[in-house]
Amino acid sequence: MATSTPQTLSSRRVALIMGQDLAYNREVMRGVQAYAHSKTGWVIRDGPLARYVLKPLREWKPDGIIAHLYDRKIADELVALGVPMVNTTSTLADLDVPLVEADHLAVGRMAAEYFLSRGFRNFGFFGSAHAGFSRDREEGFRDALAKKGFSLTSCYAEYLPRPLAGVSWVNVDDRVRAWLNELPKPVAILSSNDVPSRELADICQQLELAVPDQVALLGVDNDELECNLATPPLSSIVIPSQRIGYEAAEAIDRLMSGEALRQTRNYLPPVRVATRFSTDTLAIEDADLRVALAYIRSHAHLPIDVEAVHEHAAVSRRMLERKFREQLGRTVLDEIRRARIELAKQLLIETDLAMPAIAKRAGFSGARRLAVVFREEETITPTEFRESVRRRNGLSHSET
């Protein structure tokens, strides 16, 4: 860590101890910097969570620390400094440091809803058996599936920022290969992060298991480098990393000012699933349903109705409705509405289009109809949804 000029009375020295090797940390740091722009006199230095950083950190005498605390020994040494500190990872679940993090139970629930909507009936989880965030993601995934009558098979390997010393890569690979081979197919697998998901993609390729048709893979963090290095590119759950950084900075500001925090555990909900090729499939055995669902998804932006769907599927309306209810738990019209809402969500998140344009591109007759259906399905308006996602996925225009 670099040293700085002598501190003035109005300045605040804030150390970011998290490193830049993870995309999550880089996004958190952007959020911290955005908050710092609104303050006068903040001086920020950063370094990795490593023992060699401790000496220059002590010499620098920070007023506050924001850290990615995944190593117990170094975390204890940082706590011993007696400096206000905020943590940005629940890897060490029992650590008594104020925390700003993603809601990992909600991450697991989002994964379950996503895979169930694609017709999957077999599920796996791959991640750390020890890291708090991984255990919570698994728990949320398992519980949401159980409520729908499904079970989950897990396989564990430690994918932390710094791998555990002495862990055999060969043994881990052999164990994961055996697990993948034994899983009933097609199977949907949630990984604790994008890194282990990419590892699964590599092993599937070696085992000649087709992704996504036999094994659908979903990671977490939406690290674009990791996701696009994989073959095929990986789908991933987007978490509000920049917002986590912003709120962590707001919390450390309060602590440095001697104020108490309103809450010492602040969990922010995940944003959405970024779909890439690794989950771009429908795990439906029934040929009529597959045809109907594929038609709805590819034509949701057009003024299609139930009649058009059953005519395309070449099956009677009564028979198709029965299959939808028995196998998916919803009607054909429900599925058309759901597909249009998902398309509208994507447009609300990824574009600045006005509501009339979004309505037209998402297959609605107009902005008023979009608002009515959206509120019925999501309990909020499209505008409220867009603003909430922007707050969760980063920063509003007034904060940048």
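A disulfide is a pair of cysteine sulfur atoms within 2.5 Å. With that cut-off in mind, the tour of this predicted model can begin at the cysteines.

**Stop 1: the cysteines**

Select Cys155 and Cys204 and display their sulfur atoms. The sulfur of Cys155 has its closest cysteine sulfur in Cys204, 12 Å away, which is too far for a bond. Cys204 likewise is in no disulfide, the sulfur of Cys155 being the nearest at 12 Å. The structure as a whole holds zero disulfides. Cys155 counts as buried because its relative accessibility is 6%. Cys204 also counts as buried, its relative accessibility being 0%.

**Stop 2: the whole chain**

Zoom out and colour the chain by secondary structure, which comes to 16 helices and 12 strands. Along the principal axes, the C-alpha atoms fill a box of roughly 80 × 55 × 30 Å. The radius of gyration is 23 Å, which agrees with the value near 21 Å that a compact globule of 400 residues would have. Colouring by accessibility will show that buried residues make up 52% of the 400 residues. Among contacts with a separation of 6 or more, 68% are between residues 24 or more positions apart.

**Stop 3: aromatic pairs**

Display the aromatic side chains next; the structure holds nine aromatic pairs. Select Tyr35 and Tyr246 to begin. Their ring centres are 5.2 Å apart and their planes stand at 80 degrees, so the pair is edge-to-face. Tyr35 belongs to helix 1 (residues 23-36) and Tyr246 to helix 9 (residues 241-256), so this pair ties together parts that are 211 residues apart in sequence. Both Tyr35 and Tyr246 are buried.

Move on to Phe123 and Phe141, whose pair is edge-to-face, with 6.2 Å from centre to centre and 90 degrees between the planes. Phe123 is found in strand 6 (residues 123-127) and Phe141 in helix 5 (residues 132-147), so placed that the pair links distant parts of the chain, 18 residues apart. Phe123 and Phe141 are both buried. Now extend the selection to Tyr114, Phe115, Phe120 and Phe150: together with Phe123 and Phe141, these residues are linked by ring pairs into a cluster.

**Stop 4: salt bridges**

Side chains of opposite charge can pair when their charged atoms come close. The model contains 21 salt bridges, and three of the pairs are visited here.

Select Lys55 and Glu59, whose side chains meet in a salt bridge with an N to O distance of 2.6 Å. Lys55 and Glu59 are four residues apart in helix 2 (residues 54-60), which means that about one helical turn separates them. Lys55 counts as exposed because its relative accessibility is 55%, whereas Glu59, at 48%, counts as partly exposed.

Remain at helix 2 and select Arg58 together with Glu77. The side chains of these two residues form a salt bridge of 3.4 Å, N to O. Arg58 in helix 2 is thereby paired with Glu77 in helix 3 (residues 72-80), a link between distant parts of the chain, 19 residues apart. Arg58 has a relative accessible area of 42% and is therefore partly exposed. Glu77 is also partly exposed, at 24% relative accessibility. Add Arg51 to the selection: Arg51, Arg58 and Glu77 are linked in a network of salt bridges.

For the next pair, select Arg177 and Asp174, which meet in a salt bridge of 3.7 Å, N to O. Both residues lie in helix 6 (residues 169-182), three residues apart, or about one turn of the helix. Arg177 counts as partly exposed at 23% relative accessibility, and Asp174 is partly exposed with a relative accessible area of 44%.

**Stop 5: Arg276**

The tour ends in the loop between strand 12 (272-274) and helix 10 (287-299), where Arg276 is placed. Which side chain of opposite charge is nearest to Arg276? Select Glu224 for comparison: Glu224 is that nearest side chain, at 4.6 Å, and Arg276 is buried yet has no salt bridge. The cut-off for a salt bridge is a side-chain nitrogen of Lys or Arg within 4 Å of a carboxyl oxygen of Asp or Glu.

Finally, display the surroundings of Arg276. Leaving aside residues up to four places away in sequence, Arg276 touches Asn222, Glu224, Cys227, Asn228, Pro233, Leu234, Ser235 and Ser236.

Key
Residues numbered from 1 in each chain as written. Predicted model: local features only at pLDDT ≥ 70, side-chain atom pairs only at ≥ 80, totals over all residues. Heavy atoms only, no water. Buried < 20%, exposed > 50% of the residue type's maximum accessible area, 1.4 Å probe, protein only. Phe/Tyr/Trp six-rings, centres within 6.5 Å; stacked < 30°, edge-to-face > 60°. Helix = DSSP H or I, 4+ residues; strand = E, 2+ residues; numbered from the N terminus. Lys, Arg positive; Asp, Glu negative; His and termini not counted. Contact = heavy atoms within 4.5 Å. Rg over C-alpha atoms; globule rule 2.2 N^0.38 Å.
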